[in-house]
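Trainee: Could you take me through one part of this protein in close detail? I would like to look at the largest pocket and what surrounds it.

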Amino acid sequence: MSLISEGGDGAADRVTADRVTAKRITHWIGGKPWTGGASRTGEVHDPATGQVASTVDLAPVEVVDRAVEVAGEAFTRWRDSSLAQRSSVMFAFRELLHARKGELAAIITAEHGKVLADAAGEVQRALENVEFACGIPHLLKGGFSENASSRVDVYSIQQPLGVVAVVSPFNFPAMVPLWFVPTAIACGNAVVLKPSEKDPSASVFLAELFAEAGLPDGVLNVVHGDKEAVDRLLVHPDVKAVSFVGSTPVARYVYETATARGKRVQALGGAKNHMVVLPDADLDLAADAAVSAGFGSAGERCMAISAVVAVDPVGDALVAKIAERIAALKVGDGRRAGCDMGPLITAAHRDRVTSYLDSGVADGADLVVDGRDHAIDGSPEGFWLGPTLFDRVGVDMAVYRDEVFGPVLSVLRATGYDEALDLVNANPYGNGAAIFTNDGGAARRFQHEVEVGMVGVNVPIPVPVAHYSFGGWKDSLFGDSHAYGPEGVHFHTRTKVVTGRWLDPSHGGVNLGFPQNT
């Protein structure tokens, strides 16, 4: 039973009447759930119903310090583990995750709200990174140069950093942690993971699977919390590196704070991903792509297409096709069959995204489809906003300037390729961009000239496969290392170069007389 006060729209002020029955989500430290108390807790909602589903412990500095201490103790042993042991743990974890991926998808949907198909897709992409980490014996091979100087050999080895922190966002509670955790662990590090407090259960589920796979206690720890916990990880002297995914202002803060303490940092920030549609493009393909990339996971993803640049004369036809497809989308509880899009993560975030509908109209954009009018297959108390479409959006409008992070798609008009390219390159974000065209020359020129880290050609969301690396340019990335793949291995290790000379025993152990070059 729940009690609802009538402040605001009611959903944001909901409180659970019977707290004793609410599920408690606590930290995972040293291979088991935290048994200490919690001075502060947060609420975890079911976004489709608006109900408080559980409470989550918010870690104070002392709990974060304990997690780092436990990780440091585990690191001293794990760093000396064989590559075969690390690979064996990764293979076992991969099998467990594959076998229970449906369970994990259900956890994601219950706390994030994305439909089950989206959640299953998230888990599948996460599995790619686990499989990449299974190849750690090959990935950690160094180099060797025989006789770099006379009877002097030089070789390089890659060694782990120590305790590393991962601060992950709410929008991909399984995939983003698995961008970093498997590689970090396979490289010999110990990890403290701080997931979003909005949907924390997936991280604990992953930690339990790692323990079942044979990962030694303390190598992976999970602490829940808010800014207090994050700030402690950023300045803790025993944390050697920080991986972060979130908004650009926070990414900049994380980067500046942690690097000032000498830490290695990869901080992935916000995005404003563009999709350029040239006149020769297949408009049905482009419209399908714009809808799936703009409204999948309710637009709450850093690679969502939020700006479509229609190059004359296809704008009117493209907007009409997108609007037609939006009308056919079913919005509702992600656990119900046939739903294409679920709710937003919280009432506060829903209200923030909804505010851009009013500001867009006030700034002069054409509101073609108003998501507030979309039919909902779910509880009226859920955090709903249907897919929204703006046309003739200007670059000076807030709905374009800001990372809305919701189901709001903006269409801008351009008179030609050059104007479209200049528009994309002028944006401060540089995460991803896509071009839709049947002209190979135009596509090749675009991939060469566009100033983003990831490019799609007739592919709206060009997230790289696991054996490449994920990351943007400009205000979408702080640090010089992209996530996962080869750059992930580089980020989680440091290189040591050994120069050695051994005396030849066949000559009495004496130097043969060759000069030593320095």
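Mentor: Happy to; here is a walk around the largest pocket, followed by a short stop at a small sheet. Please keep in mind that this is a predicted model.

Let's begin with the space itself. The volume of the largest pocket comes to about 760 Å³. Its lining is made up of 30 residues, and those nearest the centre are K198, F244, G246, S247 and V250. By character, the lining residues split into 12 nonpolar, 10 polar and eight charged.

Now for where the lining comes from. Four elements supply at least two residues each: the helices α8 (227-235), α9 (248-259) and α12 (347-362), together with the strand β13 (239-245). Among the contributors, α9 gives the most, with four residues. On the level of domains, at least three lining residues come from domain 1 (23-270 + 472-497), and at least three from domain 2 (273-457).

While you have the model open, turn to the sheet as well. This is an open sheet of three strands in the order β3-β7-β6, and its pairing is mixed. β3 (23-25) and β6 (41-46) are the edge strands, each pairing on one side only. On average, neighbouring strands here are turned by 35° against each other, ignoring direction. β3 and β7 (residues 51-57) run parallel and are joined by three bridges; in one pairing, K23 has S54 of β7 as its bridge partner. Across β3, β6 and β7 lies helix α3 (residues 101-112), which runs at about 105° to β6.

Terms used. Residues are numbered from 1 along each chain as its sequence is written. This is a predicted model: local features need pLDDT of at least 70, side-chain atom pairs count only at pLDDT 80 or more; totals for chains, interfaces and linings use all residues. Side-chain values use heavy atoms; hydrogens and water are left out. Two strands pair if DSSP finds at least two bridges between them. Axes are lines fitted to C-alpha atoms, for helices over the stretch in contact, and angles run from 0 to 180 degrees between N-to-C directions. Contact means heavy atoms within 4.5 Å. On a 1 Å grid over the protein atoms alone, a cavity is a set of points where a 1.4 Å probe fits but cannot get out, and a pocket is an open set with protein on both sides within 12 Å along at least five of seven lines; lining residues have an atom within 4 Å of a point. Grid points are joined across faces, edges and corners, and a volume is the space filled by probe spheres set on the points. Ala, Val, Leu, Ile, Met, Phe, Trp, Tyr, Cys and Pro count as nonpolar, Asp, Glu, Lys and Arg as charged, and the others, Gly among them, as polar. Domain bounds come from an automatic or database domain assignment.
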